[in-house]
Each structure stands twice: as C-alpha cells, then as structure tokens.
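Work through the exercises below with the model open. Each task is followed by a stepwise solution.

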Amino acid sequence: MSGNAIEVKNLTKKFGKFVSVDSINFSVKQGEIFGFLGANGAGKSTTIRMLCGILEPTSGDAFVAGYSVKTEPDSIKRNIGYMSQRFSLYDDLSIEENIEFFGGVYGLEGKKLIERKDWVLESAQLTGKETTLTGLLPGGIKQRLALGVAVIHQPPIVFLDEPTSGVDPISRRSFWELIHILSGEGCTVVVTTHYLEEAEYCGNIILMDAGKIVAEGTSSALKAQYIQHPVFEIETDSPVELMEKIEKAPFTVEISLFGNKMHLAAQDTFSTVSEIGSALEKFGAKNILRIDRIVPTLEDVFIALVDKKGK
Amino acid sequence: MKTIIHIVKKEFRQFRRDPKMFGIILIAPIMQLLFFGYAATLDVNTVHTMVYDRDNTETSRNFIRDFSGSGFFAIDYVAKNENEINEQIDKGNILICISIPREFEKRIERRETAPVQFIINGSDGNTANIAAGYAGVIAANFSKNIAADILGRQGKKVLPTGQITPEARVWYNPLMKTRFFMVPGIVAMLLSIITMLLTSLAVVKEKEIGTLEQLIVTPIKSYQLILGKLIPFAILGFVSVILVIAGMRVIFGIEVRGSIIFLLGNSFLFILSTLGLGLFISTISKTQQQAMMIAIFGVLMPMIYLSGFTFPIENMPESIQIISYFIPLRYFMTIIRGVVLKGTGFAELWGETFMLGGMGLAILLLASMRFRKKLE
C-alpha cells in the first residue's frame with residue numbers, strides 16, 4: 001500500500017439506474033487531513049459509507065488501512081472511527097455512560113478504558129461533567145464529544161461526514177483544533193464539508209460533482225490552477241445592479257456575488273486597485289464603496305469550476 | 001458476549017431515564033388487570049326491567065314478584081301505556097319489558113294458555129339472550145306451580161314419574177365469571193405489547209436519531225446487536241408477567257393451578273415470536289409513529305381478535321379459523337388459560353407448546369435475517 005492510508009480504485013456505486021459515485025480514483029496519505037468537497041448529493045457521503053465498509057460498492061474497490069472494502073469490511077470497522085453529520089451519541093445517557101458504552105463496544109476495558117475516557121473528556125473540555133446528560137450539552141461541545149468518542153479506540157483513520165454542519169463558527173474553530181491534534185498524533189482524517197473555508201485547513205482536497213472527481217490537489221495548487229487572473233473584491237450598495245452591469249464588461253473574466261460584495265476576476269492587464277477602479281468608472285459602474293485586491297479563496301475555485309461545467 | 005452485555009446495559013440505562021417505560025412496565029399491567037377484571041365482563045348481573053301489567057290481579061302480581069325475587073331482574077319502571085315501553089327501550093333504560101295482557105288470571109283459571117309478552121332490547125345480542133333465558137326459566141317454573149296448585153286443590157298428588165333432573169357442575173370456573181376467563185389472557189396481551197411494540201420502537205428510535213448508523217460502523221456484529229436489543233425487552237416482559245400473576249392472585253384471588261415454571265417456559269417461547277415481529281416491524285418502519293401504527297393496527301389487533309382472547313375461535317367461520325392457526329397468540333392463550341384455570345401441563349398441552357416454539361423460532365430467525373440484510 002506504500003504508505004497510503006486509503007487507496008481508491010474505480011469505486012462505483014449505483015442505486016438502480018442512478019449513478020451516485022462514478023468510478024472514482026484517489027489516494028490518501030498516512031496522517032494527512034483529507035478534504036472531501038462538493039454540493040449535497042455529489043456523492044460524498046456515499047463514498048464515505050463505502051470506505052467505512054457499511055455500503056457495498058457496485059464495482060471497483062478501495063483499500064482502507066490495507067483492507068478491501070469488498071472482502072474485509074469487518075477488519076476495516078476495527079481500524080476506523082466514524083462520525084456522521086447527525087449527532088450520533090445517546091442523548092438520554094450521561095457523558096460518561098456514552099463514553100463507556102462506545103469504549104466497551106470497541107473492546108476497551110480496565111485501565112485502558114479509564115485512560116481513554118479521561119482523554120475524551122479532556123479533549124471535549126468536559127472533565128468534571130461526567131454525569132451530565134449528553135442531551136443537555138450545546139451543539140459545539142456535543143460535536144467535540146462525538147469526535148472524541150469516535151476515536152476512543154485510537155483508530156489509524158477517522159472519517160468525519162460533515163461534522164460541523166449546524167455548528168457556530170467559534171465551536172467550529174475549536175473542533176478543527178481537535179482535528180489538527182488528531183492529525184498530529186498520526187491519525188489520518190478524512191472529512192467532508194460544504195464549508196469551503198474549512199477546506200483551507202485540509203492538506204489535499206478533492207472536489208466531487210455528480211459522482212465524479214472534478215478537481216484535486218492542495219488548496220493553493222487548486223487556486224493556482226483554476227484562478228489565473230487577479231481577483232478583486234468590490235463592495236457596493238446595489239450589488240445586483242452592478243453585477244448585471246459589469247458582467248459582460250471587457251475586463252471581466254469571472255464574477256460572483258457574496259452578499260453585498262462581489263469577487264471579480266479581471267483580465268491580467270488590471271493588476272492594481274486603481275487600474276480596475278478607473279476601468280469600472282469608465283464603464284459607468286456606480287455606488288462602489290470599496291475595492292480590494294484579494295487572495296482568491298476556494299470558493300472562487302469552486303464557483304469557477306461549476307461555472308465552467310455549466311457553460 | 002461482552003459486546004451484548006454492553007448493549008443490554010446501555011438499554012437499561014436508557015430505560016431508567018425514560019419515565020414512560022416505567023409507566024408501561026409497572027402501571028400498565030395493573031391497569032389492564034383492573035380493566036379486564038372489573039370492566040370487561042360479559043356476565044349479566046342486573047337486568048333492568050319494566051312491567052306493563054294490564055291484568056292487575058293477584059296472579060299477575062305473583063308472577064311479577066317471581067321476577068323481582070329472582071335477584072336478576074330489577075323492576076325499575078311500571079308502564080301505564082304502551083308508548084312508555086317504546087320510550088324506555090329507546091332510551092336504553094330497560095333491557096326487557098314484561099307485558100301481561102288482560103284476562104291473564106281468568107285464562108289461567110279457565111285452564112287456558114295465558115300468553116305473556118317479553119319485549120327485549122336485542123341490540124346486545126349476548127345480554128339479550130341471557131336475559132331471555134332467565135325470563136323463560138322463571139315463567140316455566142311459574143306455570144309448573146300453577147299446575148301443581150290446581151292438582152292440589154282437586155285433592156290429587158303429582159304422581160312421581162320418571163324424570164330427568166340435570167345437575168350441572170361447572171368445573172374450573174364454578175361461578176362462571178367472565179373475569180376468570182379474561183384475566184389470564186392479560187398476561188399474553190401485555191407480553192405482546194411490551195416485547196413487540198417496545199422492541200420495534202427502540203430499534204426505530206435509534207434509526208431516527210442516527211445512532212444505529214454509528215453502531216453499524218463499530219465492530220458490533222448484527223447478531224450481537226439483535227440480541228443486545230431484544231434481551232432487555234424479554235426481561236421487562238417477564239417482570240410484567242410476574243406482576244400480573246401476582247396481581248391476579250392478590251386482587252382477584254385467581255391462583256395458577258398448574259406449574260408456574262411451565263407457564264414461564266411457554267411465555268419464553270411466545271416472546272420469541274413477538275420479539276421477532278417487533279424486529280420485523282422495525283425493518284419496515286422509518287419513524288416511531290409508523291412502527292406504532294403497524295404494531296397496533298397491523299399486528300396486535302388482528303392477533304388479539306383471532307387468538308380467542310375475547311371471541312371463541314370455535315364460533316368463527318372455518319376460513320378464519322384456519323387463519324387463527326398461524327397466530328402464535330392463539331396457542332399461548334390456550335396454554336395460559338389451561339395452566340391457570342385447569343392446572344393442565346405439558347401432557348395435555350404439548351401440541352400447543354411445540355407450535356408456539358416452532359413459530360417463535362421461525363419468526364425470530366426470518367426477522368433477524370431481514371434485519372441483517374437491511375443493515376448492510
């Protein structure tokens with residue numbers, strides 16, 4: 001397996017005639033944080049479920065920790081942790097009871113169980129609250145606890161399926177700190193998300209659309225590959241009007257709306273704020289409050305890719 | 001094995017936090033006992049009666065006194081005209097009206113047949129039947145006495161002739177109380193509800209909140225999951241069975257005449273099928289509401305109607321009797337009534353025991369296979 005934690009080969013899943021995952025190939029290195037991006041229904045969760053050994057692929061195969069998802073799903077289950085977008089602990093059990101139950105299911109007992117329980121409590125910052133009912137915890141803390149429980153048996157690989165959906169930004173940040181700690185300890189983390197800014201935390205990323213991989217690489221490589229033009233952020237009072245106005249302007253390569261701001265990928269000749277500013281003025285654009293040259297985000301990449309497909 | 005214990009332990013911890021569970025397990029058996037013991041009775045103890053006496057003679061009054069003295073008939077109304085009969089029957093105040101025509105006494109004295117009309121509200125056929133039976137017996141006795149009277153007045157003795165006197169001995173339930181018949185059946189009903197309904201709900205609940213998916217990605221094997229989910233409800237079922245048996249004895253003085261061990265053994269065989277059905281329901285339901293509906297209307301009600309719990313199977317049309325052979329509750333009902341009321345055991349009930357065990361194993365195995373397939 002040459003140091004790869006996951007090796008995916010022509011993995012395909014069909015539900016009836018619907019092709020959910022269409023012959024994808026990729027590999028995940030040991031210890032990296034691997035991001036899985038894509039819109040809802042792009043096939044992310046289906047792929048994750050196949051890699052966890054709970055959904056049998058229609059064709060192709062994948063090796064997780066060296067085991068085939070087709071023939072050795074039971075061995076995979078012992079070597080992975082999994083946390084889904086839905087909260088997956090028991091609300092009506094106390095924190096401690098949840099930890100003990102899942103620890104027990106993974107065969108931990110005695111000293112080892114106590115040691116790991118303390119680790120989970122500490123990583124979720126819940127030490128001293130062992131007897132609190134899990135259902136009473138706020139969402140962000142619950143997610144951290146769920147992650148701790150998902151890796152209670154110290155698996156070499158953990159799958160996180162949209163772990164932060166519905167969690168506030170601050171909790172999301174501390175959740176990601178926990179992911180980095182895990183990764184630092186050598187655990188391979190595969191995470192799906194549709195928060196594009198989260199993908200910036202990942203090492204390698206793949207972008208899925210309609211069951212296929214449309215782009216892969218590191219965040220900066222993706223940006224370099226797909227956004228070759230200078231990007232400006234324009235703040236305005238009347239974004240929709242402005243967008244309609246300059247959409248077809250000669251200096252516009254790509255334009256997308258983010259609230260009352262828009263990101264404009266301009267022709268290469270416009271590399272400074274004043275250059276694009278005067279170009280906009282000449283074109284008759286009004287109500288512009290501010291223009292900045294920005295570093296493109298993955299969101300720009302994503303939109304560029306989806307647009308390209310649409311055209 | 002340890003994994004199963006972990007799951008069972010978890011289930012019990014969840015029960016402890018769910019007050020509804022305690023309600024179902026502790027209060028429901030007692031409530032059912034009281035309902036079926038006191039309220040669900042087919043016995044006719046008091047017949048509300050109206051009298052319309054147009055003759056108004058000594059003989060007619062004697063005739064009425066025989067009714068009021070019987071202990072069954074309560075003369076609640078005396079009608080003055082025929083309209084009142086209709087009125088009271090329509091209102092549901094009376095079950096029977098004894099209508100005595102004019103010349104009742106005179107006809108008897110003339111040694112003619114004296115007709116008396118019983119008007120009976122037959123909307124509840126069973127009760128009407130019983131009331132008509134009682135009334136017929138009283139009237140027959142009355143005319144027997146008239147005959148003896150007349151003979152006596154003529155100085156003649158009633159000659160002893162060869163006669164048949166039926167002497168009925170009612171075994172097992174000498175007072176012929178419906179209660180004795182119904183109450184043991186409650187054991188079976190409760191077992192069905194707890195093991196089938198609660199099991200399906202518990203599994204579907206995990207499906208709903210997403211923990212089932214979490215369990216599937218752990219190394220838990222599906223048989224461990226099934227056993228871990230079923231064992232707690234089997235235990236709860238037995239707790240309620242013991243409660244009902246104790247309640248039967250304390251509240252109604254109904255003792256188990258046969259072997260309690262045999263009864264509990266059969267209870268175990270019975271819950272194999274109800275647990276299996278519960279598991280099956282959980283595989284075809286997405287939400288707890290669905291599971292509840294399917295369990296109650298799809299399985300529980302037909303099962304109870306066709307088991308002989310309330311309606312005797314012998315009186316059903318043949319085609320329905322055949323269906324009832326496929327209902328495990330039918331066998332369990334026979335067993336439990338036999339053991340509790342008649343004191344019968346394996347020697348008499350081996351057929352039922354084997355049917356119960358066979359069906360239980362088959363249902364549980366099929367349901368487990370389906371559950372397993374659904375998981376994967």
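**Exercise 1.** Which residue forms a salt bridge with Glu96(A), and how far apart are the closest N and O atoms?

*Solution.* The model is predicted. Step 1: the partner is Lys117(A), with the closest N and O atoms 2.9 Å apart. Step 2: locate both ends. Glu96(A) sits in helix H3 of chain A and Lys117(A) in helix H4 (residues 110-123), so the pair, 21 residues apart, links distant parts of the chain by the element numbering used. Step 3: classify them. Lys117(A) has 12% relative accessibility and is therefore buried, the cut-off being under 20%. Glu96(A), at 23%, is partly exposed.

**Exercise 2.** Place Glu96(A) and Lys117(A) in their salt-bridge network.

*Solution.* Step 1: follow shared partners. One network joins Glu96(A), Glu97(A), Glu100(A), Lys117(A), Arg13(B), Arg16(B) and Arg17(B). Step 2: check a link between the chains. Arg13(B) bridges to Glu97(A), with the closest N and O atoms 3.5 Å apart. Step 3: find the elements on the chain B side that touches chain A. Those giving two or more residues are helix H1 (2-17), helix H7 (178-209) and helix H8 (211-216) of chain B. H1(B) gives the largest share, eight residues.

**Exercise 3.** Describe the interface of chain B and chain A in numbers.

*Solution.* Step 1: take the area. The two chains bury about 2,400 Å² between them, 55% of it on carbon and sulfur atoms. Step 2: count residues. Chain B gives 26 residues and chain A gives 26 residues. Step 3: count the pairs. There are seven salt bridges across the interface, and 13 residue pairs in polar contact. Step 4: sort the chain B side by class. It has eight nonpolar, six polar and 12 charged residues.

**Exercise 4.** Analyse the salt bridge between Lys142(A) and Asp91(A).

*Solution.* Step 1: the N to O distance is 3.7 Å. Step 2: Lys142(A) lies in helix H5 (residues 139-150) of chain A, and Asp91(A) in the loop between strand E6 (80-83) and helix H3 (95-105), 51 residues apart. Step 3: Lys142(A) is buried at 15% relative accessible area, whereas Asp91(A) is partly exposed at 37%.

**Exercise 5.** Which residues touch the most other members of the largest nonpolar core?

*Solution.* Step 1: the core has 156 residues; among those touching the most other members are Ile6(A), Phe26(A) and Phe159(A). Step 2: H7(B) supplies the largest share, 17 residues. Step 3: inspect one member. The contacts of Phe159(A) include Ile48(A), Cys52(A), Met83(A) and Val190(A).

Definitions and conventions. Residues are numbered from 1 along each chain as its sequence is written. Chains are lettered from A and ligands numbered from 1 in the order in which they are written. This is a predicted model: local features need pLDDT of at least 70, side-chain atom pairs count only at pLDDT 80 or more; totals for chains, interfaces and linings use all residues. Side-chain values use heavy atoms; hydrogens and water are left out. Contact means heavy atoms within 4.5 Å. Buried area is the accessible area (1.4 Å probe) that two parts lose on being put together, summed over both. A salt bridge is a side-chain nitrogen of Lys or Arg within 4 Å of a carboxyl oxygen of Asp or Glu. A polar contact is a pair of N or O atoms within 3.5 Å; within protein, one must be able to donate a hydrogen and the other to accept it, and residues adjacent in sequence count only if both atoms are side-chain atoms. Helices (H or I, at least four residues) and strands (E, at least two) are DSSP runs, numbered from the N terminus. Ala, Val, Leu, Ile, Met, Phe, Trp, Tyr, Cys and Pro count as nonpolar, Asp, Glu, Lys and Arg as charged, and the others, Gly among them, as polar. A nonpolar core is a set of buried Ala, Val, Leu, Ile, Met, Phe, Trp, Tyr and Cys residues joined through side-chain atoms within 4.5 Å. Buried means under 20% relative accessible area, exposed over 50%, partly exposed in between (1.4 Å probe, protein chains only). Lists of a residue's contacts leave out its neighbours within four places in sequence.
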